Amino acid sequence: MPAGTLYRGREGMWSWVAHRVTGVLIFFFLFVHVLDTSLVRVSPEAYDDVVATYKTPLVNLMEYGLVAAILFHALNGLRVIAVDFWSKGPKYQRQMLWSVVGIWVVLMLGSFYPILQHTLRELFGS
Amino acid sequence: MSAETTTPANDAVSAYDVDHPAPVIEPPRARTRKTPKTTRTNFEMYGWLFMRLSGIVLVVLVLGHLLIQLVLDGGVTKIGFAFVAGRWASPFWQAWDLIMLWLATLHGANGLRTIINDYAERDNTRLWLKGLLYTAAGFTIVLGTLVIFTFDPNIR
């Protein structure tokens, strides 16, 4: 066993780290997203031009990453609420985390094609 | 985990006993007349509660938003000025987006405030980072609200 003073909080700590990282990413995207949507007040062309970049393969892939961050943050947030308000929450926090991971994997697999379909068509032909 | 570990009579397993007492946690500072005004309120408790309540609402609003904008009906390819105009013709979606904008910005700003408090150790750094954060969050809320309320489908 390694000795030392580094805190090793296992699942609880890593889910906390992931919650912070995804939260910060989502907040920065929110700021950009309000700015791009504001272009509807400039002109339809200005808005459509910027939204066109959202339809390129690279940004489309980033959208899938955004969905990954939001889904984890949402599901783990519900777990945090359960830990705080459900009397058995702290006892089952680890099982709940693996449930979160499981549901996250299923949702990510299920949304892979719907979100990335036009990129897949563009890159690999229809 | 060893068999020698003595356990209390009740079924709760404890790592502590007479020979291995639990560490003492200092009680928090008592609130006196000299306590600064900023620490006399329950602001942090309300912030904590707000994160949970807004979080539940945001799960519904944001996941619904993602489902409509990114998953259903061709994903992001359908999005354009005409699509926005179609949705904001309905007060229901205007209200949806408005509530989502306010809750998400406040939820995110409070989260970042916590992160700044955790990692920025110098008073001045915290002051500037929070100033920047509150400016950005206020700007986002005001701009987004104006856009939703002043949207004009016939701008051209």
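These are my notes on how some helices and two chains meet in a predicted model.

**Ground rules.** I number residues from 1 along each chain as its sequence is written, and letter chains from A in the order in which they are written. Because the model is predicted, local features need pLDDT of at least 70 and side-chain atom pairs count only at pLDDT 80 or more, while totals for chains, interfaces and linings use all residues.

**Within chain A.** I looked up helix α1 (residues 10-38) and helix α3 (residues 57-85) of chain A; helices are DSSP runs of H or I, at least four residues, numbered from the N terminus. They pack at an angle of about 125°, with their axes 9 Å apart; axes are lines fitted to C-alpha atoms over the stretch in contact, and angles run from 0 to 180 degrees between N-to-C directions. That makes α1(A) oblique to α3(A) (under 35 degrees is roughly parallel, over 145 roughly antiparallel, 65 to 115 roughly perpendicular, the rest oblique).

**Between the chains.** I found 32 residues of chain B in contact with 33 residues of chain A (C-beta atoms, placed from the backbone, within 7 Å). α1(B) gives the most to the side of chain B that touches chain A, with 9 residues.

**One helix pair across.** α3(A) and α1(B) pack at an angle of about 155°, with their axes 10 Å apart. They are therefore roughly antiparallel to each other. On α3(A), the residues that meet α1(B) include A:V67 and A:I70; on α1(B), B:I56 and B:V59 are among those that meet α3(A).

Note on methods:
Helix = DSSP H or I, 4+ residues; strand = E, 2+ residues; numbered from the N terminus. Contact = placed C-beta atoms within 7 Å.
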